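Subject: Structure for you to look at

Hi,

Here is the structure I promised to pass on. Could you open it next to the sequence while you read my notes below?

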Amino acid sequence: MYSLSFVDYLVIAVYLAGVVVFGLRAARRQDSTSEYFVANSSIPGFAVGFTLMTTTISSATFVAIPGSVFARNWWQLFYMSAALLVIPLVTSFAVPFYRRVVRMSVYEYLEHRFGYAARLYGSVGFAINRLTDVGYLLYTTAIAMEVIAGWNIHSVVIGVGIFTLLYTLIGGIEASIWASILQGVLMIGGAIAIMISVISESGLGAGPIFSYAYDGGKFAIGTRI
């Protein structure tokens with residue numbers, strides 16, 4: 001049975017405490033639906049951009065993609081890099097339109113433009129999509145914790161789900177954004193720490209490791225000929 005060290009539990013505790021602080025501070029400043037849902041458009045641009053990055057690179061990406069590359073290669077690079085083409089179009093056209101016309105919710109615009117049926121269809125479809133995605137994220141997180149620490153999968157899913165639901169409901173979009181920034185810092189720091197640990201504990205150095213991975217086809221894109 002694997003177990004976490006004191007440092008591991010300390011990082012988890014600091015993260016949970018930080019999220020709680022973000023949620024409570026944001027809740028104290030909320031006095032309108034605009035503040036709750038869009039933070040009165042007062043969130044700094046760097047925070048929104050960083051949040052988009054951490055939302056895209058979820059726990060599933062952090063756990064599943066390295067496993068996929070280790071098992072095969074970089075075959076997923078093609079469809080994942082499509083975001084580099086889509087994001088400039090979204091920031092150039094969709095975001096200005098959203099800020100100028102949509103106001104607080106895109107579903108309000110759907111109702112105004114196409115009627116209540118369109119608003120209902122869009123909101124229900126988005127809710128189903130998010131529930132499915134969140135379920136997948138919670139499950140992959142729970143699997144990782146079971147492998148690393150031996151924690152019960154069901155307990156992790158329920159605990160993380162309830163905690164995320166509470167701080168999101170209490171703090172609104174502002175708490176969600178700053179919590180995502182904290183998550184991003186932990187993910188980036190964790191990835192760097194993992195790379196350093198793997199290289200140092202191997203006793204080979206970075207050069208031989210990358211050379212061995214290249215010879216094994218791990219840097220290939222698609223099927224090797």
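One term before anything else: when I say that something covers or touches a residue, I mean contact, that is, heavy atoms within 4.5 Å. Also keep in mind that this is a predicted model, not an experimental one.

First, the overall picture. The protein chain has ten helices and zero strands, so no strand interrupts the run of α elements along the sequence, given that both kinds are read off as DSSP runs. The C-alpha trace spans about 60 × 45 × 30 Å along its principal axes. Of the 225 residues, 21% count as buried. The accessible surface comes to about 15,500 Å², and carbon and sulfur atoms hold 72% of that. As for contacts with a separation of 6 or more, 67% of them are between residues 24 or more positions apart.

Now the inside. The largest nonpolar core has six residues: L4, A142, M145, A149, I153 and V156. Two elements give two or more residues to this core, namely α8 (116-149) and α9 (153-202). Helix α8 supplies the largest share, three residues. If you want one residue to click on, try A142: leaving aside residues up to four places away in sequence, A142 touches I153, V156 and V157. There is also a second, separate core of five residues, with A39, A47, I177 and I181 among them.

A47 brings me to helix α3, which covers residues 45-56. This helix has twelve residues and reaches 17 Å from its first C-alpha to its last, close to the 16 Å expected at 1.5 Å a residue. Which residues of α3 are buried? They are A47, T51 and T54. These three sit on the same side of α3, because they cover an arc of only 65° around the axis. The general rule behind this is that an α-helix has 3.6 residues a turn, so residues three or four places apart point the same way. And what covers the buried residues of α3? Part of the answer is α9, which is included in that cover. On the face turned away from the buried side, α3 carries the exposed residues G45, F46, L52 and T56.

If you only have a minute, colour α3 by its buried residues A47, T51 and T54, then look for α9 over them.

Cheers

Technical notes:
Residues are numbered from 1 along each chain as its sequence is written. This is a predicted model: local features need pLDDT of at least 70, side-chain atom pairs count only at pLDDT 80 or more; totals for chains, interfaces and linings use all residues. Side-chain values use heavy atoms; hydrogens and water are left out. A nonpolar core is a set of buried Ala, Val, Leu, Ile, Met, Phe, Trp, Tyr and Cys residues joined through side-chain atoms within 4.5 Å. Buried means under 20% relative accessible area, exposed over 50%, partly exposed in between (1.4 Å probe, protein chains only). Helices (H or I, at least four residues) and strands (E, at least two) are DSSP runs, numbered from the N terminus. The expected span of a helix is 1.5 Å times one less than its number of residues. The arc is that of the directions from the helix axis to the C-beta atoms. Accessible areas come from the Shrake-Rupley method with a 1.4 Å probe; for residues, only the protein chains shown count as cover.
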